[in-house]
Amino acid sequence: MRVTQGCFSFLPDLTDEQITAQIEYCLGQGWAIGVEHTDDPHPRNTYWEMFGHPMFDLRDAKGAMMELEACRKAFPDRYIRINAFDSTRGFETVTMSFIVNRPKIEPTIRMTRTEVDGRSIRYTHTVQLA
């Protein structure tokens with residue numbers, strides 16, 4: 001099962017040239033770039049581990065691509081994503097996020113819906129590796 005989170009998640013994996021183009025777009029908007037990784041892609045896991053520091057003063061996509069390559073080398077079988085952060089006063093939030101690396105075998109997350117007392121519904125999930 002393919003994990004679909006963030007921008008472009010329903011498209012085929014982006015090439016490094018396409019990733020560079022997206023980073024250049026983000027930098028053109030004045031957004032900071034960050035690289036994060038995780039081995040738990042559950043949709044409720046929004047806090048992935050930061051790789052390095054956020055790049056607030058970055059002006060060239062090559063710097064972000066070097067950071068991405070270092071993260072890929074350190075964590076080849078983890079999910080890695082690029083975040084673009086708008087630090088403009090009043091926004092101060094992630095404006096774009098997309099996965100740029102996936103493990104060879106992605107887990108399957110199954111949601112089970114169970115009706116309980118009254119009209120309540122309880123959801124449980126299981127994670128399986130193929």
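Arginine 78 pairs with aspartate 39 in a salt bridge, with 3.6 Å between the closest N and O atoms. By salt bridge we mean a side-chain nitrogen of Lys or Arg within 4 Å of a carboxyl oxygen of Asp or Glu. The pair ties together distant parts of the chain: arginine 78 sits in the loop between α2 and β3 (79-86), aspartate 39 in the loop between β1 (32-38) and β2 (49-55), and 39 residues separate them. Helices and strands here are DSSP runs (H or I, at least four residues, for helices; E, at least two, for strands), numbered from the N terminus.

A word on the model: it is predicted, so local features need pLDDT of at least 70 and side-chain atom pairs count only at pLDDT 80 or more, while totals for chains, interfaces and linings use all residues. Residues are numbered from 1 along each chain as its sequence is written, and side-chain values use heavy atoms, with hydrogens and water left out.

Back to arginine 78, which has another partner. Glutamate 49 also forms a salt bridge with arginine 78, the closest N and O atoms being 3.5 Å apart. Here too distant parts of the chain are linked, with glutamate 49 in strand β2 and arginine 78 in the loop between α2 and β3, 29 residues apart. How covered are these residues? Arginine 78 is buried, at 17% relative accessible area, whereas aspartate 39 counts as exposed at 56% and glutamate 49 as partly exposed at 45%. The cut-offs are under 20% relative accessible area for buried, over 50% for exposed and partly exposed in between (1.4 Å probe, protein chains only).

The whole structure has seven salt bridges. One of them joins the side chains of aspartate 16 and arginine 72, at 2.9 Å from N to O. That pair spans 56 residues, from aspartate 16 in helix α1 (residues 16-28) to arginine 72 in helix α2 (residues 61-74). Aspartate 16 is partly exposed at 32%, and arginine 72 is buried at 15%. Here are the three pairs side by side.

| Salt bridge | Closest N to O |
|---|---|
| Arginine 78 and aspartate 39 | 3.6 Å |
| Glutamate 49 and arginine 78 | 3.5 Å |
| Aspartate 16 and arginine 72 | 2.9 Å |

Asp13, Arg102 and Glu106 are linked in a salt-bridge network. Two of those names, Asp13 and Arg102, turn up again in the lining of the largest cavity, which also includes Cys7, Phe8, Leu14 and Phe98. A cavity is a set of points on a 1 Å grid over the protein atoms alone where a 1.4 Å probe fits but cannot get out, and lining residues have an atom within 4 Å of a point. There are two cavities of 30 Å³ or more, and the largest has a volume of about 70 Å³. Grid points are joined across faces, edges and corners, and the volume is the space filled by probe spheres set on the points.

Cys7 brings up the cysteines. How many disulfides does the structure hold? Zero, where a disulfide is a pair of cysteine sulfur atoms within 2.5 Å. Why is cysteine 7 not bonded to cysteine 26? Because the sulfur of cysteine 7 is 8.3 Å from that of cysteine 26, its closest cysteine sulfur, which is too far for a bond. Their cover differs as well: cysteine 7 is partly exposed at 31%, while cysteine 26 is buried at 1%.

Over on the surface, Met111, Ile121 and Tyr123 make up a nonpolar patch with about 300 Å² of accessible area together. Patches take residues with over 30% relative accessible area and no salt bridge, joining like charges within 9 Å and nonpolar side chains (Val, Leu, Ile, Met, Phe, Trp, Tyr) within 5 Å. Areas come from the Shrake-Rupley method with a 1.4 Å probe, and for residues only the protein chains shown count as cover. Isoleucine 121 belongs to strand β6 (residues 121-129) and is partly exposed at 34%.

Tyrosine 47, in the loop between β1 and β2, is exposed at 73%. Its C-alpha atom is separated by 26 Å from that of glycine 28, 19 residues apart along the chain.

As for the overall layout, the protein chain has two helices and six strands, running α-β-β-α-β-β-β-β from the N terminus on. The C-alpha atoms fill a box of roughly 55 × 40 × 25 Å along the principal axes, and 38% of the 130 residues count as buried.

Terms used: On a 1 Å grid over the protein atoms alone, a cavity is a set of points where a 1.4 Å probe fits but cannot get out, and a pocket is an open set with protein on both sides within 12 Å along at least five of seven lines; lining residues have an atom within 4 Å of a point.
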